[in-house]
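Thanks for coming. I will walk through one structure, starting with a single residue and working outwards.

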Amino acid sequence: MHYWSPSLDVDHEFEKLVHRMHPPRVTVDHITDKKSTLVKVDSANKRGSLLEVVQVLTDMNLSIKRAYISSDGGWFMDVFHVTDQYGNKLSGDDVADRIQQSLGPRGCSFRSLRGSVGVQYASENTTIELTGRDRPGLLSEIFAVLTDLKCNVVASEIWTHNSRMASIVYITDEATNLPINDPDRLAKIKQLLLYVLKGDLDRRGAQTAVSVGSTHTQRRLHQLMYADRDYDTDEYHIVPDGAGSHKPIVTVENCVEKGYTVVNLRCPDRPKLLFDTVCTLTDMQYVVFHATIIAEGSEALQEFYIRHTDGCPISSEAERQRVIHCLEAAVKRRVSKGLRLELCGEDRVGLLSDVTRIFRENGLSVTRAEVKTRGSKAVNAFYVIDSSGNEVKSETIEAVRNAIGESVLKVNEDEMLTCSKSPGQRTGGFSLGNLFRNRSERFLYNLGLIRSCSEVA
């Protein structure tokens, strides 16, 4: 039985009142630091303030080079040293206004921020959330089902990590280009996608959800993968980390005198790293009271002083290990594994189904994807590896480009040089890639989405 506590409503209303009386104050300093612009944020402290600020800066495509964070007590004070995505100081005079508008009481909260990168699609589309076990050909099967159900994919983002997959797909009705609201049709979409996700090897279970409304795509992907426990070790690893990856170094120790748990993270720097780690600490119900961030070279150092939302530091070895594994997962989820292929051309219904089918038929597995629509153009990026986990062969890429169109599908020339050359023509013998491809074709045939198991377009 749940008992209503009037103090909960009073505390919530008091927090909103304090926030209205003391809205966030943002100042921008272009003078103090020669290499970066200082963004200072002062406001009444409330839960989620740090994530809200970091998310706004990240959505503006700003790189955080240094940060000093303090939110002990009733006030929240942050200083961020930022540059644009090219490493230059900011030149616009409207930066403070843009941040203030996003954080202030009249702006949108981080849960519904529509003007930022990754939140371009809201009530105009139907949102599909998918989580499940990753396997070669899965993306092809998902898009084939949506095409067969007369759904047009407007945008999508797919992450894979530790043999798990999470995806958010924005769709409209093929005929009307409007959101799909019919409950029976939505139930059928959800049922068929769940059938695709479950397969025959997913012991942990798959999840699908359908809604109409706004979401912050990458914020939600973190939540989905955390809920799916992608930080757990899985005995089946389809996608290796690769020789070029560097495992993050995470230490977790208690500062007994101050009553904090001190978390230190060291790893190669990359865009959106602070957003990823703050997302995970927030999802784990930890509050950051103090933090120091340094990311001015190729390596990033992050130090957090945290407590659980109940006010206590970490109290067990199991909890300490869980924080380490979750932060390692937060860093690695966004790391792109494989060869980047960029597709830019006229958008049409079924384009993604055709493209991912060609990937599958050529033994390629998608480890990450970003799908966008700009006007009538499709602007997509796929990271692919060989389905057996090996490097992608150059002749495989050429075959894919010939099937899709060389002018439509681009690959970075430097990356192409790293593709291994095969010593000769492939034989008709057994290969793991062919095994995965045939299994996926049989699955689509059982759903009635291809005419025969040997069908090749």
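Where is the place of Phe 80? Phe 80 sits in strand 4, residues 75–83; helices (H or I, at least four residues) and strands (E, at least two) are DSSP runs numbered from the N terminus.

Before going on, the ground rules. This is a predicted model, in which local features need pLDDT of at least 70 and side-chain atom pairs count only at pLDDT 80 or more, while totals for chains, interfaces and linings use all residues. Residues are numbered from 1 along each chain as its sequence is written, and side-chain values use heavy atoms, with hydrogens and water left out.

Back to Phe 80. Its relative accessible area is 0%, so Phe 80 is buried; buried means under 20%, exposed over 50%, and partly exposed in between, with a 1.4 Å probe and protein chains only. Leaving aside neighbours within four places in sequence, the contacts of Phe 80 include Leu 38, Val 54, Ile 64 and Leu 274, where contact means heavy atoms within 4.5 Å.

Now the sheet. It is open, with 8 strands in the order 1-2-4-3-11-12-10-9 and antiparallel pairing; two strands pair if DSSP finds at least two bridges between them. Strand 1 (25–29) and strand 9 (249–255) are the edges, each pairing on one side only. From one strand to the next, the twist averages 20°. Helix 2 (residues 49–59) packs on this sheet and touches strand 2, strand 3, strand 4 and strand 11. Strand 3 (63–70) and strand 11 (286–294) pair over 5 bridges, and Arg 66 stands opposite Ile 294.

What does helix 7 lie across? Helix 7 lies across strand 3, strand 4, strand 10, strand 11 and strand 12, at about 20° to strand 12. Angles run from 0 to 180 degrees between N-to-C directions, and axes are lines fitted to C-alpha atoms, for helices over the stretch in contact. Helix 7 (273–283) also packs with helix 8 (317–333) at about 145°, with axes 9 Å apart. Among the residues making that contact are Leu 273 and Thr 277 of helix 7, and Leu 327 and Arg 333 of helix 8.

Last, the rings. There are 4 aromatic pairs, counted when ring centres of Phe, Tyr or Trp (its six-membered ring) lie within 6.5 Å; planes under 30 degrees apart are stacked, over 60 edge-to-face, and the rest tilted. Tyr 260 and Tyr 305 are edge-to-face, 5.9 Å centre to centre and 85° between planes. Because Tyr 260 lies in strand 10 and Tyr 305 in strand 12, the pair ties together parts 45 residues apart in sequence.
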